[in-house]
Amino acid sequence: MNFQAFLDIAVVALRFLMPIYAVVIVYQCYASMRRHRRPEKPLVTLQVKGAKQKVPVLFWENSIGRSKGSDICVLDPSVSREHCVLLRRQEGWFVSDIGSKSGTFVNEKKARDRTRVLIDDEIRVGNTTFILKRGDEYKEGLRPSWFFSKASNKGSLQPYKLMILITLFHLFMAVEACFSNEVKDFMPLMIFVCLEVIIWAFFFVSSFVFNRINFEIEALMLFLSGIGVMLLVRQDVRSAFVQLIAMTVGIVFFCFLVKFIENPDRVNSWRLAIMIGAVVLLLINLVFGRVQNGAANWITIGSVSVQPSEFVKVAYIFVGAAALDKLQTKRNFIEFIIFSAICVGALAIMGDFGTALIFFATFLIIAFMRSGDFKTVILALVGAVFAGLIVLKFKPYVAERFSSWGHVWENAQTTAYQQARVLTYTASGGIPGVGVGNGYLKYVAASESDLVFGLVSEEMGVVIAFVIAAAIIALAFYSRAITTRSRSTFYSISACCAAGLMIFQSALNIFGATDILPLTGVTLPFVSAGGSSIIACFGLMAFIKAADERTYAAKRIRPKEEV
């Protein structure tokens, strides 16, 4: 057997190995997330004065009221439905009245704004008085979280070992690309080296500068974004380097946001400024936006094109989420509704209906998490349908965009050209794929962005394509699981919304490319080419990272009152 024949066999073997390898990497990321959690015990307890009853306080922010939806439900007619909030900060415990009729009292003094509460202090709501006690005085066991209940006692994979697995996966992609059928050179290895320098520098900074004790979220981001970079090598080397630069900016943005939102009260103080900045950004886009692919959502500065709506996604979650005591105010919610209307309306005027849908879906998640009321969601849906009918009435060309939906083969050479090619080449890729750089979808417009799911399916196989989709979907389950352990409702809401936004965006991308839904022209998070998109994705993941209780563990200060 000559060397060339051996090389061909090795490359084919790699194609069959990589789907299994991808499953292992994603599994290890999420398996590690489930381990090394704090014991399921209360932070403090509230003892009912004059009775033996003790109420465990499980969260950093706890609503107290007569409503059954309250974290601490008080069956007292003199207590308002939403009475007050008991919350923990690094300085200690505080209670904040949220507009109750009878008021909230600490040691018989009326609480105004946030009032400090120490161990053995009394908190009176209505005719019920609680005494704040240490959590270790609560002897009964608590039910563990469903996500972590089956976690193994086995130690999770060390972060550096996970990084080695990811590096090898990217290396295998580079090797495949080096020996593609059309071009054989070592440019993919050069891109690979640059990619690994960036991700390993990020790993060392996170581990030794920021002293982070967990790296699973980051590993998942680097794994997915690395796939996107390596897919570009045989399409456009310049685009691969641009994606690397955007990825670096995204990493810096991620680190900045994680640090910035370390204090949820700081976020609230910047909320108005962020809202105004996002609106100004959209207005600039409306005035100076350049039409591309039917939407005027691009701003060109020299040789650089920016999509402002991607960054507004991050700002949107900033504005929608808040600490629990701030969340309950009507003014806060009204501001958010107005801001939502401005964002969706501006995107509709630009013609970017795909992103407008993403914003609206995120609005529904935030509205439900803030109110817990399906009536709010139903009302919003009715309003959206009404607005959609108006758009179709006055902008009939929008309906023409969807004319080929469900009729892809009848319009395979015209309006459904892209979807027809995606379906054809996805089928030709099969399980192992044809190899990085060997596909034909790369010659179709937007294959590296809007149609990237088809590109992955063709060149790397449908297994890896579905692993990428599953990795993004699993973020929703993880975000939901950590909400009860987050230090603030800001983290809980922002994490769920960030995960929900990326899932909805992924669904539009995947189902649009495969003709299950109309093609709306949105990117697949991390994998699609696009500097603005990948930077925004890193920013969204910062919310999920911050919601993980371990993120700030090394920097917590336990107040003396809690010891």
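Student: Which residue in S2 stands opposite glutamine 47?
Tutor: Keep in mind that this model is predicted. Strands S1 (residues 44-48) and S2 pair in the antiparallel sense, over four bridges. The residue in S2 that stands opposite glutamine 47 is lysine 54.

Student: On which face of strand S2 is Lys54, covered or uncovered?
Tutor: Strand S2 spans residues 54-57 and has two faces. Val55 and Val57 make up the covered one. Lys54 goes with Pro56, and their face is uncovered.

Student: Which glycine in the hairpin of S1 and S2 takes a positive phi?
Tutor: Look between the two strands of the hairpin, where there are five residues. The phi in question is near 85°. It belongs to glycine 50.

Student: Which strands stand at the edges of the sheet?
Tutor: In general, strands of a sheet pair through backbone hydrogen bonds. Here six strands form an open sheet in the order S2-S1-S11-S10-S7-S8, with antiparallel pairing. Each edge strand has a single partner strand, so one side of it is left without a neighbour in the sheet. The edge strands are S2 and S8 (109-110).

Student: What is the bridge partner of valine 106 in S8?
Tutor: S7 and S8 pair in the antiparallel sense, over two bridges. The partner of valine 106 in S8 is lysine 109.

Student: Is threonine 104 buried or exposed?
Tutor: Threonine 104 has its place in strand S7 (residues 104-106). Its relative accessibility is 0%. Buried means under 20%. Therefore threonine 104 counts as buried.

Student: Which side chain does a polar contact of 3.5 Å join to that of threonine 104?
Tutor: Set aside the neighbours within four places in sequence, and threonine 104 is in contact with several residues, among them His83, Asp97, Lys109 and Arg124. The polar contact runs between side chains, and the partner is histidine 83.

Student: Which helix gives the most to the nonpolar patch?
Tutor: The patch lies on the surface and covers about 860 Å². Its residues include Leu272, Ile276, Phe288 and Ile349. One helix, spanning residues 264-288, gives eight residues. That helix is H6.

Student: Does leucine 272 count as buried or exposed?
Tutor: Leucine 272 has its place in helix H6. Its relative accessibility is 51%. The cut-off for exposed is over 50%. So leucine 272 counts as exposed.

Conventions:
Residues are numbered from 1 along each chain as its sequence is written. This is a predicted model: local features need pLDDT of at least 70, side-chain atom pairs count only at pLDDT 80 or more; totals for chains, interfaces and linings use all residues. Side-chain values use heavy atoms; hydrogens and water are left out. Buried means under 20% relative accessible area, exposed over 50%, partly exposed in between (1.4 Å probe, protein chains only). Two strands pair if DSSP finds at least two bridges between them. A polar contact is a pair of N or O atoms within 3.5 Å; within protein, one must be able to donate a hydrogen and the other to accept it, and residues adjacent in sequence count only if both atoms are side-chain atoms. Contact means heavy atoms within 4.5 Å. Patches are made of residues with over 30% relative accessible area and no salt bridge: like charges are joined within 9 Å, nonpolar side chains (Val, Leu, Ile, Met, Phe, Trp, Tyr) within 5 Å. Accessible areas come from the Shrake-Rupley method with a 1.4 Å probe; for residues, only the protein chains shown count as cover. A salt bridge is a side-chain nitrogen of Lys or Arg within 4 Å of a carboxyl oxygen of Asp or Glu.
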